[in-house]
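The exercises below are meant to be worked with the coordinates open. Try each task before reading the solution that follows it.

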Amino acid sequence: MNQLGFPILSLITYLPLLGAFIVATLGGDDARAAAKARGIALITSLAVLLLGIFVWARFQPGFAGYQFVEAAPWLAGINVEYRMGVDGISLFLIMLTLGLTPIAILASHGIKTRVRSFFAALLLLETMTIGMFAATDFILFYVFFEAVLLPMYLIIGVWGGPRRIYAAVKFFVFTLAGSLFMILAVVWLWRHVGTTDIAVMTHTPIGRSAQMWLFLAFLAAFGVKAAVWPLHTWLPDAYGEAPVPGTVMLAAVLSKMGAYGFLRFALPMLPLASAAAAPLMFALGVVAVIYISYVALAQTDMKRLIAYSSAAHMGVIIIGLFTFTVEGIEGALFQMLSHGIVIAGLFLCGGVLTARGEALTLKNLGGLAANMPVFAAALMLFSLANMGLPGTSGFIGEFLVIIGAMKVNFWVSLLGGAGMVLGAAYMLVMLRAVLFEKSANPRLAKLKDLNAREYAMLLPLAALVMWLGIYPSSFTHAFDAPVAALVQAHIAALNPHMALAMVTAK
Amino acid sequence: MTPSPLLPALILGLGGMALLLIGVLAKANRAQGVTMGAILLLLIAAGLSLLAPDAVLFSGLLKTSLFTRYADTLIYLGAIAALILSVDFNQREGIARFEYPVLVLFAVLGMVVMVSAADMMTLYVGFELQSLAMYITAALARDNPRSAEAGLKYFVLGALASGLLVYGISLVYGFAGTTNFAALAAVLREGAGAGTVAGVVFVLVGLAFKISAAPFHMWTPDVYEGAPSSVTALFATAPKAAALALLLSVMAGPFGGLVAQWQLLIQILAIISMAWGALAAIGQSNIKRLLAYSSISHMGYALMGLATGTLAGVQSSLVYVAIYVVMSFGCFACVVAMRRNGRAVERISDLAGLAGEHPAYAFVFAVFMWAMAGIPPLSGFFAKLYVFATAFNAGLDALAIIGIVTSVISAFYYLRVIKVMYFDQGQPQFDRTAAGPGFVMAVGALVTIFFIILPSPLVAAAGAAAKALMG
């Protein structure tokens, strides 16, 4: 089976499902059941986090293939197996999901209606997301990828803001339409390769023209999830309307599903098409970085501003992925982690204010630095990290992407790097409006600083931001091997004669 | 000890007559007791039919095999679920008549006969027996004009279909010289003239009426809407499974040599059904009409497997119809439970706010909607995956792509039902769900949700059934 002789990935994946079931079937009066549901959800998510840390500890970083693999017969007759495994690329995305779920649960204090259903949906979301990152069979991946929609649709639609129904339906329709193209591509690949094992599919050559079509299909599916411009229009609505924990999961984890899809499928399976599409993807990335940054600058609502900033940073990730350099891809991966943590922190800061009954329009806010110093410090830290200040996580990712892009094209590097400057502009505008400017709102001066629960959700994130920023190699050394293998395979696919040379050199 | 393969049919027929006598002779209304008796008879017949061996009966008029047992099981399942749903519903609606379970038994007998038919004549006899029983059940609420209209409409269009079927059979007989399936298969393998092909087309049209494949679906929305919900639950399950199984057995059996001739027709039927079912459902405000259009599109997907003309295709159709039957009776259990102040309500907007008032009920309903939309991880996704995969593998790319597109379109109206239940404000104030619908809902939901864990037994059974059919 695997080095543990024990299906730990499945355990991590389905333990939240068990938690969701227990939470959903809790009896008793509403207030008591709500408290119990919160407790059970938190304990479940912390337990899986511990299991995740155990996996991380036993993970062998130098190995490029899948570890902790599991395989079991599943769909008879059509040659689909149940396969799970992690490599350096998916490990940290799983860790990110595991780490952010308990924080999202802590942030769900504002949920007052149908509390049990909410926590059940949140745990269900955790199961689906982890399963998606851990699946190493394409059909299994697709099942989880789609299933993520169900709890998220309900989270936005039931517990969201005033325009929640519009946002939920838009989110569902966009993603479902994207997935439609993916299933077409999956079925085509399935017929071509004869199996849906991702490892086998990655090493099967595909003709050039077919690659182009498949790439377009993947672009539709993963581009929507990653909110690549111009497929991003669902994002501000969904982020803006979802309740805070939902926004945290959407922005921090679910948006990574798209980037992960590009990295796991589009790049290794379709090297020729990816190389051909690189200029397009660079263009889309640069547009995202610059145009969406300007849109962010024009926002009057804190939550929407952060939402647009999130979309802008996804542009950086896309640029990094398509440089096909070790630096660029590692930068993109690192940026995925960093973005997940930073954006979660920023949305949680917004949630802190919402919990105190304040609307998040920038006009309404101001001068909070005086009476909420710890909150101000946290918001400042996450904002600086979002701008990419050296010493924070945001710097490493953006810097690596810029280096990678520099190797490929100076202008891409320059324009992509402009995002850091523009990011500084809109984040500072937000900081000034929230923390420093005088406000006409008299209630603001009476707001209390963070309470223990809010410390518990913001401190770990702040610590992670610093850890990633100061000692990045504890993360990068795990994805060195798979990324190097990916880049090498890519170069070999583009230059068949060089591949031969590499074989003989060994 | 292995029971005789004829025993299930005998039990249904004789048991049905006995129950009829009890109902007639009893002084009080024995509808409840007769229904229970009918359920018991169906259970016994189902068990016996699973134990019965393969056989050819009455010198080649009937033939039982793994395939017929597979189809019979689905028929029994659908009929039992529908009868369980009817117990409480019919009583509350004031239509608790003992004739209903008896008619259901006769209809099931007809279905079992037509599925096991090995001759055009037995096929027709079984087909008519189930049809006649069904016409009456549609008009069960005879004081309700809509129900009476549904019965009449079903009868007129059904009679037309029967006419086409029997005309087709006579053409085939006239040109091929036999009505026996095995002999027909041998004759038609040599090739067929225009007359035979015309006969095949008529037979196909007659059967397409029964499974309500577009463009022969016109009766479906009206009958679904007009018939009492408990009866609609029956229409949506057992006869659909039976007619589809019959279509498979006729097309792959006696007409198996003419794949090239009928393959395109089946494809066209599949495409029109999928597309029309998806588009026409969008504007519906009545949940039963919506489910009627949904069943039309589901039949399109099920036909997609047959359209490949291969063993894998028949297998995927069988998998599809099994999953469909479970989703369908679960869904109708939810519809049957829609009652306010002692009256059945049927508008989708009546469901507004259900999730707040009855979370479990709303969740189960949502599960069926999502499953029908084909969203993983629910069973409906795998049903679609199997047919799409076999269509792709058979080189029918265009068909599969159309199927995927229409399934996304249809996702929107299923989603609307969920939206109404979960997001819209309202107070459905539904009456307490009775035990019967609650039980059927729970069973359906469990199977639909947990199918993902153990899909292989069903798929293997369908594979064995397809093999038994096609050899």
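**Exercise 1. Backbone outliers in chain B**

Locate B:Phe58 relative to the strands of chain B, then describe its phi angle and its exposure.

Solution. B:Phe58 sits in the loop that runs between strand 1 (55-57) and strand 2 (62-64) of chain B. In this predicted model, the phi of B:Phe58 is near 50°, a positive value in a residue that is not glycine. With a relative accessibility of 48%, B:Phe58 counts as partly exposed, the cut-off for exposed being over 50%.

The next step is to treat B:Gln429 in the same manner. B:Gln429 belongs to the loop between helix 18 (397-422) and helix 19 (435-450) of chain B, and its phi is near 45°, again positive in a residue other than glycine. Its relative accessible area of 51% makes B:Gln429 exposed. As background, most residues other than glycine have a negative phi, and most peptide bonds are trans.

**Exercise 2. Cis peptide bonds**

Find where A:Pro230 and B:Pro377 are placed, and state the geometry of the peptide bond that precedes each.

Solution. Begin with chain A, where A:Pro230 is in the loop between helix 9 (208-225) and helix 10; the bond from A:Trp229 to A:Pro230 is cis, its omega being near 0°. Then turn to chain B, where B:Pro377 lies in the loop between helix 16 (359-373) and helix 17 (379-393). B:Pro376 and B:Pro377 are joined by a cis peptide bond with an omega of about 10°.

**Exercise 3. A pair of cysteines**

Explain why B:Cys331 and B:Cys334 are not bonded to each other through sulfur.

Solution. The sulfur of B:Cys331 has its closest cysteine sulfur in B:Cys334, at 6.1 Å, which is too far for a bond, since a disulfide requires the two sulfur atoms to be within 2.5 Å. Seen from the other partner, B:Cys334 is likewise in no disulfide, its nearest cysteine sulfur being that of B:Cys331. Accessibility comes next: B:Cys331 is buried at 0% relative accessibility, and B:Cys334 is buried at 0% as well. A search over all chains confirms the wider picture, with zero disulfides in the whole structure.

**Exercise 4. Salt bridges within the chains**

Determine which parts of chain A are tied together by the pair A:Arg264 and A:Asp87, and then examine two further pairs.

Solution. The side chains of A:Arg264 and A:Asp87 meet in a salt bridge, with N to O at 2.9 Å. A:Arg264 lies in helix 11 (residues 244-269) and A:Asp87 in the loop between strand 2 and helix 3 (88-106) of chain A, so the pair ties together parts that are 177 residues apart in sequence. A:Arg264 is buried, with a relative accessible area of 7%, and A:Asp87 is buried at 4%.

For the second pair, A:Arg163 forms a salt bridge with A:Glu241, where the closest N and O atoms are 3.8 Å apart. Because A:Arg163 is in the loop between helix 6 and helix 7 of chain A while A:Glu241 is in helix 10 (residues 234-241), this contact links parts that are 78 residues apart in sequence. A:Arg163 is partly exposed at 40%, whereas A:Glu241 is buried at 9%.

The third pair is in chain B, where B:Asp88 and B:Arg92 meet in a salt bridge of 3.1 Å, N to O. These two residues are four apart in helix 3 (residues 66-93) of chain B, and are therefore separated by about one helical turn.

**Exercise 5. The interface between the chains**

How many residues of chain A are in contact with chain B, and which helix of chain A supplies the largest share of that side?

Solution. The contact involves 29 residues of chain A and 33 residues of chain B, and the area buried between the two chains is about 3000 Å², of which carbon and sulfur atoms give 80%. Among the charged contacts, the count between the chains is one salt bridge, in which the side chains of B:Asp397 and A:Arg191 meet at 3.0 Å, N to O. On the chain A side, strand 1 (67-75), helix 5 (138-147), helix 6 (149-159) and helix 7 (164-193) each supply at least two residues. Helix 7 of chain A gives the largest share, 13 residues. By residue class, the side of chain A that touches chain B divides into 24 nonpolar, one polar and four charged residues.

Notes. Residues numbered from 1 in each chain as written. Chains lettered and ligands numbered in written order. Predicted model: local features only at pLDDT ≥ 70, side-chain atom pairs only at ≥ 80, totals over all residues. Heavy atoms only, no water. Buried < 20%, exposed > 50% of the residue type's maximum accessible area, 1.4 Å probe, protein only. Contact = heavy atoms within 4.5 Å. Buried area = accessible area lost by both parts, 1.4 Å probe. Salt bridge = Lys/Arg side-chain N within 4 Å of Asp/Glu carboxyl O. Nonpolar A, V, L, I, M, F, W, Y, C, P; charged D, E, K, R; others polar.
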